[in-house]
Amino acid sequence: MKYIIITFICFFVLRLVSLSFSIRNEKLLLKKRAKQYGKLNSLLLTLAHIAYYFGALYEAYSKGSDFNSISLAGIGVMTFAYGILFYVIYKLRDVWTVKLYIVPNQRIERSFLFRTVRHPNYFLNIIPELIGVALLCNAWTTLSIGFPLYLCLLIVRIRQEEVAMKGLWDTQA
């Protein structure tokens with residue numbers, strides 16, 4: 001169990017580092033008169049993310065899960081997910097936040113990853129991250145209940161982002 005906890009803490013700290021970038025960028029975006037979309041959904045996603053992480057950890061603790069090959073696979077999936085997260089942060093730079101902000105005349109990222117995968121942060125970071133946390137913790141209940149609930153919120157977020165970005169895509173096509 002201690003290796004699960006240590007690994008969990010390491011990845012959670014990385015998530016907090018990404019949050020610090022988000023907070024910094026949010027302040028800069030607000031100075032540029034950015035408009036926030038889906039405020040309630042952003043709050044719900046944040047709460048769901050925290051609940052999912054700690055639900056998985058609690059499940060591991062309550063079952064007395066030991067670090068095993070499934071946990072190791074979870075580390076692999078999470079490493080991939082976090083690699084994508086920091087790549088997305090690097091590419092989006094000052095417009096990346098955990099909330100949905102659009103600034104007037106915002107640039108559209110058109111690098112290979114963003115041309116190839118629509119919403120790479122969601123499909124290549126968040127979804128694998130959640131699966132990885134569940135695998136790390138051998139948290140099958142969290143995965144089977146928490147993951148579909150989180151996906152519902154994520155689908156709403158993707159739709160909100162599509163609507164918010166539509167004007168930008170039309171003007172920068």
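In which helix is the place of Leu72? In this predicted model, Leu72 is found in helix α3, which spans residues 69-92. With a relative accessibility of 53%, Leu72 counts as exposed, because the threshold for that class is over 50%. Together with Tyr3, Ile6 and Phe67, Leu72 makes a nonpolar surface patch of about 400 Å².

Helix α3 also holds Thr79, for which the relative accessible area is 45%, so that Thr79 is classed as partly exposed. Between the C-alpha atoms of Thr79 and Ser111, which stand 32 residues apart along the chain, the separation is 22 Å.

The largest pocket encloses about 1000 Å³ of space, and its lining is made up of 44 residues, among which Trp96, Thr97, Asn121, Tyr122 and Glu161 lie nearest the centre of the pocket. Two or more lining residues are given by each of the helices α1 (2-31), α2 (39-63), α3, α4 (112-116), α5 (120-137) and α6 (140-171), and likewise by the strand β2 (100-102). Of these elements, α1 provides the largest share of the lining, with eight residues. When the residues that line the largest pocket are sorted by class, 24 are nonpolar, while ten are polar and ten are charged. Helix α3 thus appears in both parts of this description, as the place of Leu72 and as one of the elements that give two or more residues to the lining of the largest pocket.

How values were computed. Residues numbered from 1 in each chain as written. Predicted model: local features only at pLDDT ≥ 70, side-chain atom pairs only at ≥ 80, totals over all residues. Heavy atoms only, no water. Patch = residues over 30% accessible without salt bridge, like charges linked within 9 Å, V, L, I, M, F, W, Y side chains within 5 Å. Areas by Shrake-Rupley, 256 points an atom, 1.4 Å probe, with all protein chains shown as cover. Salt bridge = Lys/Arg side-chain N within 4 Å of Asp/Glu carboxyl O. Helix = DSSP H or I, 4+ residues; strand = E, 2+ residues; numbered from the N terminus. Buried < 20%, exposed > 50% of the residue type's maximum accessible area, 1.4 Å probe, protein only. 1 Å grid on protein atoms, 1.4 Å probe; cavity = no way out; pocket = protein on both sides within 12 Å on 5 of 7 lines; lining within 4 Å. Points joined across faces, edges and corners; volume = space filled by probe spheres on them. Nonpolar A, V, L, I, M, F, W, Y, C, P; charged D, E, K, R; others polar.
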